[in-house]
Amino acid sequence: MKKLLFFILFNYNLYAEDFKELLFNGNCTTCHFINKAVSAPSIVSIQKVYKKAFPKKEDFIKYMSTWVEHPNKEGSLMLYNIEKYELMPELGFEKEVLYDITEYIYNLKITI
């Protein structure tokens with residue numbers, strides 16, 4: 001029974017991470033490339049700035065998902081990017097989707 005439970009939980013976790021990756025790739029990579037800034041800041045720079053400000057995963061996810069839900073200049077940690085690329089538009093995603101995407105960004109292992 002323990003082996004079956006482990007298998008189920010392990011597979012669920014893999015599915016959950018794959019789903020978060022799909023959400024990220026399907027919605028964010030239009031503007032945000034992993035290693036280069038084209039029409040918006042790169043995910044590398046976003047992750048770096050937000051992890052420095054919010055090293056705890058829960059704080060990172062809460063702040064970033066709240067900001068992405070209602071982007072605003074006052075709450076931005078990357079004002080120089082707003083001047084360069086303009087303010088990110090409000091996208092209308094559900095809070096749960098934003099939590100999944102920002103958790104994926106937090107967990108993303110980036111190698112340059």
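**A tour around helix α3**

Begin by selecting helix α3 together with its cover: α2 (43-53) and α5 (95-107) are among the elements that lie over the buried residues of α3. The model on display is a predicted one.

**Stop 1: α3 alone**

Select residues 57-69, the 13 residues that form α3. From the first C-alpha to the last, α3 reaches 18 Å, close to the expected 18 Å at 1.5 Å a residue. Next, show the side chains of F60, I61, M64, S65, W67 and V68, which are buried. Turn the view to look down the axis of α3: the buried residues fall within an arc of 160°, so they line one face of the helix. Then select E58 and K62, exposed residues on the face of α3 that is turned away from the buried side.

**Stop 2: α2 against α3**

Add residues 43-53, which are helix α2. The axes of α2 and α3 come within 10 Å and cross at roughly 125°. That angle makes α2 oblique to α3, and the crossing is right-handed. To display the contact, select I46, Q47, Y50 and K51 on the α2 side, and F60, Y63, M64 and W67 on the α3 side. Of the α3 residues just selected, F60, M64 and W67 also belong to the buried set.

**Stop 3: α5 against α3**

Hide α2 and bring in residues 95-107, helix α5. Here the axes of α3 and α5 come within 8 Å, with a crossing at roughly 130°. The two helices α3 and α5 are therefore oblique to each other. Their crossing is right-handed. For the contact, select K57, F60, I61, K62, M64, S65, T66, V68 and E69 in α3. Their partners in α5 are K95, L98, Y99, T102, E103, I105, Y106 and N107. F60 and M64 appear in this contact, and F60 and M64 also take part in the contact with α2. K62, an exposed residue of α3, is likewise among the residues that meet α5.

**Stop 4: E103**

Finally, centre the view on E103, which is placed in helix α5. Is E103 buried or exposed? Its relative accessibility is 18%, and because buried means under 20%, E103 counts as buried. Which residues is E103 in contact with, leaving aside its neighbours within four places in sequence? Select K20, K57 and I61 to show these contacts. K57 and I61 lie in α3 and are among the residues that meet α5, and I61 is itself buried.

How values were computed: Residues are numbered from 1 along each chain as its sequence is written. This is a predicted model: local features need pLDDT of at least 70, side-chain atom pairs count only at pLDDT 80 or more; totals for chains, interfaces and linings use all residues. Side-chain values use heavy atoms; hydrogens and water are left out. Helices (H or I, at least four residues) and strands (E, at least two) are DSSP runs, numbered from the N terminus. The expected span of a helix is 1.5 Å times one less than its number of residues. Buried means under 20% relative accessible area, exposed over 50%, partly exposed in between (1.4 Å probe, protein chains only). The arc is that of the directions from the helix axis to the C-beta atoms. Contact means heavy atoms within 4.5 Å. Axes are lines fitted to C-alpha atoms, for helices over the stretch in contact, and angles run from 0 to 180 degrees between N-to-C directions. Angles under 35 degrees count as roughly parallel, over 145 as roughly antiparallel, 65 to 115 as roughly perpendicular and the rest as oblique. A crossing is left-handed if the near helix is turned anticlockwise from the far one by less than a right angle, and right-handed if clockwise.
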